[in-house]
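Please examine the sequence and the coordinates shown below. The account that follows is intended to be read alongside them.

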Amino acid sequence: MPGFGTQISPMNIVIVESPAKAKTINKYLGKDFKVLASYGHVRDLPPKDGSVRPDEHFAMSWQIDGKAEKRLKDITEAVKGAEHVYLATDPDREGEAISWHIQEVLKHRKALKGVDVKRVVFNEVTKSAVLDAFRHPRELNRELVDAYLARRALDYLVGFTLSPVLWRKLPGSRSAGRVQSVALRLICERESEIEAFKAREYWTIEVEFATPSGERFTARLTHLDGKRLDKFDIADEASARAAAERILRQQSYAVAAVEKKQIRRNPPPPFTTSTLQQEASRKLGLGASRTMRIAQRLYEGVEIFGETVGLITYMRTDGVAMSAEAITAARRLIDTRYGESYRPDEPRIYKTQAKNAQEAHEAIRPTDMFGLPEKVGGGLEPDQLALYELIWKRAMASQMSPAVIDQVAVDIDSPDGTLRLRATGSTIRFDGFLTLYREDEDDVEESEENRRLPPLNERDALARGKVDPQQHFTQPPPRYSEASLVKKLEELGIGRPSTYASILQVLQDRNYVRLDKKRFIPEDRGRVVTAFLESFFERYVEYNFTADLENKLDEISDGRISWQKVLEEFWRDFSAAVAGTKDLSITQVLDALDADLGPHFFPPLPDGRDPRLCPGCGAGRLSLKLGKFGAFIGCSNYPECRYTRPLAVENGGENGEPVGPRELGADPESGLPVSLRKGPYGYYVQRGQGDESEKPKRVSLPKGLAPAEVTLDRAAKLLTLPRDIGTHPSDGKKIVAGIGRFGPYIKHGDEFRSLRGDDDVLTIGINRAVALLAEPKKGGRRTPTPLRVLGPHPRDAAPVNLFSGRYGPYVSHGGVNATLPRDLEPESVTLEQALELLGARSKSKAKAQPAAEAQTPAAKPGKRKAPARLKGAKKGSSSRAKAPAGKKKPAKETPEAAE
């Protein structure tokens, strides 16, 4: 190994993914090594048809990312003068793929002639681990590369084959992904379970007892007339009162039996990727993506007391084992910090459940078990310290003694033996690992075994106290949180450690789901897409099919199966399924969606009315329709009846707010019906039904006016807007009040003022309006607060700042803003990187200026083509009904081929 006990070569080039990692290991390797960062993947499949060619044994075309070209030029120049190149990207399949891509590009550019290329991997960014890895270099692992190629090709073929089908048959939908579609199905199915759930009433009877010494505790009725009570045996208040009366009739009770047992609770294993994401969500409130970004920073290295060091091992892993050195260190620290009783006699050895040994790396743990959180905390940001402490505690606890818990169950009988009650409790005899760490769980009902009972023996007399019948209702299954969804995906074998965060993020980015109170709720768009896929591509959103495909990908990385063979088997059936939808008519699609989603969008009404009866014409049937911009609900009597509403449950808005039209009465002036409606931009009142010769008048509700508070009188007044307030005394021009895009306002000539506070658009008078117009106009942007000051600019010493903007993090200096690339984390950006981004941005603006000045007049517009009719929809058919007004045309989307 050059540089370690042998003759030093002229230059050793090391290539890693990130600048933070490069900075850390460069200090370990010394001046004879030059470490360069590729900033993640350098090339990918072009987002167009033909990038993967099944007819050519799945040959692939690759395209170098524009931002990566500069990095590759620097790497190519450096490699040309080197003797050794070390590919030191991350130790998993993605890391192997990045190394392979870099090697292929350098080969193509003829930069590797006479250069020895090796792969080095290390599970932690520490000096000893890095130097040891460089002493044991290896060749690229072809099986891992093949597994990457298969996964990338699969995702591309699904994305670029299935997404156009969605766009054609389901206008307004977004792209479909191979794994995200299955995760979306999980979320939608859970929502359907919640909607179909019928709460069931049941009662329990809690009774207070006192021992002769006066100690009190509570027991629950479990047997009545010698029969054990099931959950729903006491089903209503009358039954509960009757049971309570029987208990009250008897004053003295006695202990019939005391059951004691001791259990040992073992600690959980150290973190894998999925369990880290789950616990970080439960304990710290961090999303999966945020957790992985922080973990990446802790892995690549942070500066502690002037030294850059990696604090945790590699964070994308499904392994639960720890190295012998780490276990030994943990046991030593347990002895020192907690005492010998907290250290088991033998080390704890955990075995991974991962099916693929190639990717079953060591568990996530601190690189130095003696790196106490309070010791390293001074160099960490709050989120970094919180996550590091969680990882440290879990790893340490995994090597500690089990907790010993005494459990007690006491049966209490009435004198006549017809009633039996039970009290349960538990006490911790020895806390063991619980002194350091307690694992949280999702959606677990509170147990009554977490309470202490007084000392009790058989035949002890007890005095009965208060009898408390308690009403309960069964609860629907909870919506998925990020933690519980990751856990479910892992249980089903869907996705892998490196994919969980991106799966959740893409579903939100495509507006298929939203997070509300940390729970996933499917958007109606997501439910429509899921219903379509289940109806026409059922096999490809089945859980077992997706999990089996993941297993085959694992077999590829283990060298047990050819990647082309897996793709051939998949493509043969998948391409046939796609071809089968070619002649699928819109009517067929609508019928399938209507059958699947009808119970959701048209639930039974409390008053027994038909939920599908059109409120517009009173005769048509409501159903799902497909318009140019997506799905909506419309009337079967179109075009005679033009009633539509957004894709939402009628009277199913949040907080009980209505979604469907609510008739308020007849307008006093015109006699036309006035209704309250909800559109894409909120609630509004409307005069008329939309089928008169004139367009119906519509006015948005002002902020602060709840839909439930809208009366016919209030609506009629709103429909008079805009209204004249009077003339301005200075120039005699009219002052007008109205409601616009940004809320209530007054207008005088070209001057506008927004109405806020107690100013009511319907009642504001001339004096107040003149006073408001005399006030200076509030304007100007709020100066944002930088996330970080990166340092002074070398040109003028003015600060270079890092901000969080609407479109992501960016750096700024002297009026020039530059957005950070996706692969550059805000936490790791340096002043040098910011200067490079700002310089590139300044150059692009300078080039754009003369180009803009030299633009020629636009070409004459040609004839506009008529919009194509949806396939299968006859002229004048209901499937061509207009979409609800106000919907904007979605931006054209390229199908993403990522999982």
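The paragraphs below proceed from the chain as a whole to its strands, its loops and its aromatic side chains.

The model is a predicted one. Its protein chain holds 21 helices and 34 strands. Of the 899 residues in that chain, 49% are buried. The accessible surface of the protein chain amounts to about 45500 Å², and carbon and sulfur atoms account for 49% of this area. Where contacts join residues at least 6 apart in sequence, 66% of them link residues at least 24 apart.

A useful place to begin is strand 15, which spans residues 403–413. Ten of the eleven residues in strand 15 are buried, and the strand is accordingly described as mostly covered. Strand 15 has pairing partners that can be followed in turn. With strand 12 (residues 252–265) it runs antiparallel, and eleven bridges join the two. Within this pairing, Ile263 has Ile405 of strand 15 as its bridge partner. With strand 16 the sense is again antiparallel, here over ten bridges. Two positions illustrate the register: Val410 has Ala423 in strand 16 as its bridge partner, and Asp411 stands opposite Arg422 in strand 16. In a regular strand, side chains alternate between the two faces of the sheet.

Strands 15 and 16 form a hairpin with five residues between the strands, and in this hairpin Gly417 adopts a positive phi near 75°. Strand 16 (residues 419–430) also pairs with strand 10 (residues 216–224), in the antiparallel sense and over four bridges. There Leu224 is placed opposite Leu419 of strand 16. The pairings can thus be traced from strand 12 to strand 15, from strand 15 to strand 16, and from strand 16 to strand 10.

The loop that precedes strand 15 deserves separate attention. Gln399 lies in this loop, between helix 12 (382–397) and strand 15. Is Gln399 buried or exposed? Its relative accessibility is 1%, so Gln399 counts as buried; the threshold for that class is under 20%. The side chain of Gln399 reaches the backbone oxygen of Arg348 at 2.9 Å. Apart from neighbours within four places in sequence, the residues in contact with Gln399 include Met322, Ile327, Ala330, Arg331, Ile334, Pro344, Pro347 and Tyr350, as well as Arg348.

Two further loop residues offer a contrast in exposure. Thr126 is situated between strand 8 (116–119) and helix 4 (127–135). At 10% relative accessibility, Thr126 counts as buried. Beyond neighbours within four places in sequence, Thr126 is in contact with Tyr28, Gly310 and Thr367. Arg741, by comparison, is found in the loop between strand 28 (734–740) and strand 29 (743–748). With a relative accessible area of 75%, Arg741 is exposed. Its C-alpha atom is separated by 8.7 Å from that of Ser700, a residue 41 positions away along the chain.

The aromatic side chains form the last topic. A pair of aromatic rings is described by the distance of the centres and the angle of the planes. Pairs are counted when the ring centres lie within 6.5 Å. By this rule the count comes to 22 aromatic pairs. One of these joins Phe532 and Phe537, whose ring centres are 6.3 Å apart and whose planes meet at 45°, so the pair is tilted. How accessible are these two residues? Phe532 has 0% relative accessibility and counts as buried, while Phe537, at 2%, also counts as buried. Tyr745 and Phe752 form a tilted pair as well, at 5.7 Å centre to centre with 55° between the planes. Phe752 has a relative accessibility of 36% and therefore counts as partly exposed.

Aromatic residues also gather into a group: Tyr540, Phe545, Phe570, Trp571 and Phe574 form one aromatic cluster. Rings take part in arrangements with charged side chains too. Arg185 lies over the face of Tyr543, at 4.6 Å from the ring centre. Arg43 is similarly placed over the face of Trp100, at 5.4 Å from the ring centre.

Note on methods:
Residues are numbered from 1 along each chain as its sequence is written. This is a predicted model: local features need pLDDT of at least 70, side-chain atom pairs count only at pLDDT 80 or more; totals for chains, interfaces and linings use all residues. Side-chain values use heavy atoms; hydrogens and water are left out. Rings of Phe, Tyr and Trp (its six-membered ring) pair if their centres lie within 6.5 Å; planes under 30 degrees apart count as stacked, over 60 as edge-to-face and the rest as tilted. Buried means under 20% relative accessible area, exposed over 50%, partly exposed in between (1.4 Å probe, protein chains only). A charge sits over a ring if NZ of Lys or CZ of Arg is within 6 Å of the ring centre and within 35 degrees of the ring normal. A polar contact is a pair of N or O atoms within 3.5 Å; within protein, one must be able to donate a hydrogen and the other to accept it, and residues adjacent in sequence count only if both atoms are side-chain atoms. Contact means heavy atoms within 4.5 Å. Accessible areas come from the Shrake-Rupley method with a 1.4 Å probe; for residues, only the protein chains shown count as cover. Two strands pair if DSSP finds at least two bridges between them.
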